[in-house]
Structures are given as structure tokens and as C-alpha cells.
Amino acid sequence: METEVILELTSSIQNLDGTMSRIQVFLIMLIIVMLGLAWFMNRQLTKNTGIQSITFDSDFADELFVSDQLDELLSYCLKHEKKSPNDVTVNWHLGIYYYFKGDLQRARLYFEKTIRLNPNWESSAAGYIDKIDSISFSSGSDQIQ
């Protein structure tokens, strides 16, 4: 009798553990889906209305750059730089903006800051710094002619 009760309790506990883990997995999956949905909705809001999110959206900044909306890119980046001056992607995009606008001195500062903030960006940022150095050296100026 006692053995049967113990076996039954053990079986009940094992089933409870199985149920709990399924519930936990379901909740985790639900959270992931909700986060994805929130990201997607924020993205659509940004695209459809032009209202930018609170956090810096690197993909949105890339879209502004690729579509040659450089003034909008600068405005977007500067707004986020005020909130997060040490955001590596904000500094990267500001470096890109100033590089393509021909302000090599300012571009170099942002690329160097990008590297200081995250050394993993060095290979990308250093490529621009090298180009800036070669342009500046050959023209004797910090502006693209």
C-alpha cells in the first residue's frame, strides 16, 4: 500500500514537472513572439509615419543613407546622439554621414570614437580612417575636393 502511494506521488510529481516545463517553454515562446511583434509594429510605424522610435534603429539609418536622405540621417543621428552619446551605431552613422559630406576631420573623430566604444568595429572604421588619411595627405586638406 505505502509503495503504491509513493509510486503514485512520484508519478504525480514527474507529471507536474513535465507540465511546468511545458508551461515555461510556452511562456518563453509567447514572450519571443510578442517582442518580435512589437519590433515589427515599431518598424512599420517608423516606415509609414516617419515617427522614429525611442531607440536608434540602425536599419532605418541605413535606409536614409541608401536613399540619399542625408539631411534626415544627420537629424536622426544627432537626436539619438544627445540621448546616447556612447551608442556605437550612432557614432558609426555620424562618421559615415560626415565622410560622404566631405567633412573628413569630423568623420575621423566619429570613426575613432566608434573604435574606442567597440573595438570589434575597428576593421570597418579603420578602412575609412585609412581613406581619410590618404585623401588628406594627397590633397593637404581635411575636406574632400
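Student: How much area does the protein chain expose, and what share of it do carbon and sulfur atoms supply?
Tutor: This is a predicted model, in which local features need pLDDT of at least 70, side-chain atom pairs count only at pLDDT 80 or more, and totals for chains, interfaces and linings use all residues. Residues are numbered from 1 along each chain as its sequence is written, and side-chain values use heavy atoms, with hydrogens and water left out. Accessible areas come from the Shrake-Rupley method with a 1.4 Å probe, and for residues only the protein chains shown count as cover. The protein chain exposes about 10,000 Å², and the share from carbon and sulfur atoms is 60%.

Student: What percentage of the residues of the protein chain count as buried?
Tutor: Buried means under 20% relative accessible area, exposed means over 50%, and partly exposed lies in between (1.4 Å probe, protein chains only). Of the 145 residues of the protein chain, the buried part is 30%.

Student: How many helices and strands does the protein chain have?
Tutor: Helices (H or I, at least four residues) and strands (E, at least two) are DSSP runs, numbered from the N terminus. Along the sequence the pattern reads α-α-α-α-α-α. The count is 6 helices and 0 strands.

Student: Which element gives the most residues to the largest nonpolar core?
Tutor: A nonpolar core is a set of buried Ala, Val, Leu, Ile, Met, Phe, Trp, Tyr and Cys residues joined through side-chain atoms within 4.5 Å. The largest one has 25 residues, and L73, L94, Y98, Y99 and F111 have the most contacts inside it. Two or more residues come from each of α2 (58–66), α3 (70–83), α4 (88–101), α5 (104–117) and α6 (122–139). The most, 7 residues, come from α4.

Student: Which residues does L94 contact, leaving aside neighbours within four places in sequence?
Tutor: Contact means heavy atoms within 4.5 Å. L94 is one of the residues with the most contacts inside the largest core. With those neighbours left aside, its partners are L74, C77, L78, E81 and Y110.

Student: At what angle do the axes of α3 and α4 cross?
Tutor: Two packed helices are described by the angle between their axes and the distance between the axes. Axes are lines fitted to C-alpha atoms, for helices over the stretch in contact, and angles run from 0 to 180 degrees between N-to-C directions. The axes of α3 and α4 come within 10 Å, and their crossing angle is roughly 145°.

Student: How do the residues of the contact of α3 with α4 divide into nonpolar, polar and charged?
Tutor: The contact is made by L70, D71, L73, L74, C77, L78, H80 and E81 of α3, together with V90, N91, H93, L94, Y97, Y98 and K101 of α4. Ala, Val, Leu, Ile, Met, Phe, Trp, Tyr, Cys and Pro count as nonpolar, Asp, Glu, Lys and Arg as charged, and the others, Gly among them, as polar. The division is 9 nonpolar, 3 polar and 3 charged.

Student: Is N91 buried or exposed?
Tutor: N91 lies in helix α4. It touches E81, P85, N86, Y110, K113, T114 and L117, not counting residues up to four places away in sequence. Because its relative accessibility is 0%, N91 counts as buried.

Student: How far apart are the C-alpha atoms of N86 and N118?
Tutor: N86 is in the loop between α3 and α4, and it is exposed, with a relative accessible area of 55%. Leaving aside neighbours within four places in sequence, N86 contacts N91, K113 and L117. N86 and N118 are 32 residues apart along the chain, and their C-alpha atoms are separated by 9.7 Å.

Student: Why does F56 count as buried or exposed as it does?
Tutor: F56 is placed in the loop between α1 (2–49) and α2. Leaving aside neighbours within four places in sequence, F56 is in contact with A61, Y76, C77, H80, D87, T89, V90 and H93. Its relative accessibility is 14%, so F56 counts as buried.

Student: What is the phi of D68?
Tutor: Most residues other than glycine have a negative phi. D68 sits in the loop between α2 and α3 and is exposed, with a relative accessible area of 59%. D68 is not a glycine, yet its phi is positive, at about 60°.
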